[in-house]
Amino acid sequence: MKRILLSYLTLLVLPACGGGELPPPAIVQEDPLADCARERLEEDLQMLPLAGAAVRADGTLEPGSYIVSSTYLKLRPEPEALARFQALMGPISESLQAQQGLVALQVASSERCGTARTLSVWRDEAAMYSFVSGSAHQAAVSSVREVSRGGSIVTHWTDNERGVSWTKAARQLGADPGPFY
């Protein structure tokens with residue numbers, strides 16, 4: 001038994017010592033989305049202007065204290081998933097336009113990373129939760145696994161008009177422990 005084990009070990013060790021050929025190295029594929037992360041704004045991030053009742057002509061917010069919410073959605077690339085995402089966004093958009101207490105909204109997306117982001121600014125938590133509990137938002141929440149490839153997250157915080165930015169949103173999203181969708 002010892003001789004069989006020794007022969008087996010010799011077969012394994014000799015190639016590594018130059019006594020035989022080594023297998024070719026494995027080809028390592030780089031993940032094209034490796035640098036896409038919720039805490040880092042995408043280089044190709046395309047955003048609509050900040051809009052809403054509290055947005056001044058220069059694009060800044062009126063002074064005040066707000067509840068800010070931000071989402072980061074890693075979209076599934078399949079055409080059916082993207083179509084479902086678009087179908088969900090119609091009722092969400094309509095609901096947001098009529099939502100009492102929403103004072104500003106900005107949406108953004110990255111084609112390279114396949115992500116969608118939102119930055120919403122609310123008068124208070126009650127207004128934000130009124131939207132969250134609405135039927136359009138609930139339908140989107142129920143369908144998140146159909147449109148997300150995992151790692152999607154939402155967070156919110158209290159801030160003043162100077163703290164409402166994509167940079168702050170990315171920092172908050174990166175610090176939030178989840179849950180992830």
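This report walks through the fold, the cores, a helix pair and a few single residues of one protein model.

**Overall fold**

The model is predicted. The protein has six helices and five strands. Along the sequence they run α-β-β-α-β-β-α-α-α-β-α. Of its 181 residues, 34% count as buried. Contacts reach far along the chain: among those between residues at least 6 apart in sequence, 77% join residues at least 24 apart.

**The cores**

The largest nonpolar core holds 16 residues. Which of them touch the most other members? They are Leu61, Tyr66, Ala104, Leu119, Val121 and Val164. At least two residues come from each of β2, β3, β4 and α6. Strand β3 gives the most, with three.

Tyr66 shows how such a residue is surrounded. Leaving aside neighbours within four places in sequence, Tyr66 is in contact with Ala54, Leu61, Val103, Val121 and Trp122, among others. Its list of contacts also includes a run further along the chain: Trp157, Thr158, Asp159, Asn160 and Glu161. Two of the partners, Leu61 and Val121, are also named among the core members with the most contacts to other members.

A second, separate core has ten residues. Leu96, Ala127, Met128 and Phe131 are among them. In soluble globular proteins, nonpolar side chains tend to be buried together.

**One aromatic pair**

How many aromatic pairs does a search of the whole structure find? It finds one. The partners are Trp122 and Phe131, and their rings are stacked. The centres lie 5.7 Å apart, with 25 degrees between the planes. Planes under 30 degrees apart count as stacked, so the 25 degrees here qualifies. Trp122 is buried, at 1% relative accessibility. Phe131 is buried too, with a relative accessible area of 8%.

The table sets these two residues beside Ala175, which is found in helix α6.

| Residue | Relative accessible area | Class |
|---|---|---|
| Trp122 | 1% | buried |
| Phe131 | 8% | buried |
| Ala175 | 62% | exposed |

**Helices α2 and α4**

Helix α2 covers residues 79–98 and helix α4 covers residues 135–142. Their axes come within 8 Å and cross at roughly 150 degrees. The two helices are therefore roughly antiparallel. The crossing is left-handed. On the α2 side, Leu88, Pro91, Ile92 and Ser95 make the contact. On the α4 side, Ala136, His137, Ala139 and Ala140 do so. An α-helix has 3.6 residues a turn, so residues three or four places apart point the same way.

**Helix α6 and the segment after it**

Helix α6 spans residues 166–175. Which of its residues are buried? Trp166, Lys168, Ala169, Ala170 and Leu173 are. These buried residues pack against β1 (46–47), β2 (65–74), β3 (102–110), β4 (115–122) and β5 (153–160).

Is Ala175, also in α6, buried or exposed? Exposed is the answer, because its relative accessible area is 62% and the cut-off is over 50%. Ala175 and Thr155 are 20 residues apart in sequence. In space they are 9.4 Å apart, C-alpha to C-alpha.

The segment after α6 contains Pro179. The peptide bond from Gly178 to Pro179 is cis, with omega near 20 degrees. Most peptide bonds are trans.

Notes:
Residues are numbered from 1 along each chain as its sequence is written. This is a predicted model: local features need pLDDT of at least 70, side-chain atom pairs count only at pLDDT 80 or more; totals for chains, interfaces and linings use all residues. Side-chain values use heavy atoms; hydrogens and water are left out. Rings of Phe, Tyr and Trp (its six-membered ring) pair if their centres lie within 6.5 Å; planes under 30 degrees apart count as stacked, over 60 as edge-to-face and the rest as tilted. Buried means under 20% relative accessible area, exposed over 50%, partly exposed in between (1.4 Å probe, protein chains only). Helices (H or I, at least four residues) and strands (E, at least two) are DSSP runs, numbered from the N terminus. Contact means heavy atoms within 4.5 Å. A nonpolar core is a set of buried Ala, Val, Leu, Ile, Met, Phe, Trp, Tyr and Cys residues joined through side-chain atoms within 4.5 Å. Axes are lines fitted to C-alpha atoms, for helices over the stretch in contact, and angles run from 0 to 180 degrees between N-to-C directions. Angles under 35 degrees count as roughly parallel, over 145 as roughly antiparallel, 65 to 115 as roughly perpendicular and the rest as oblique. A crossing is left-handed if the near helix is turned anticlockwise from the far one by less than a right angle, and right-handed if clockwise.
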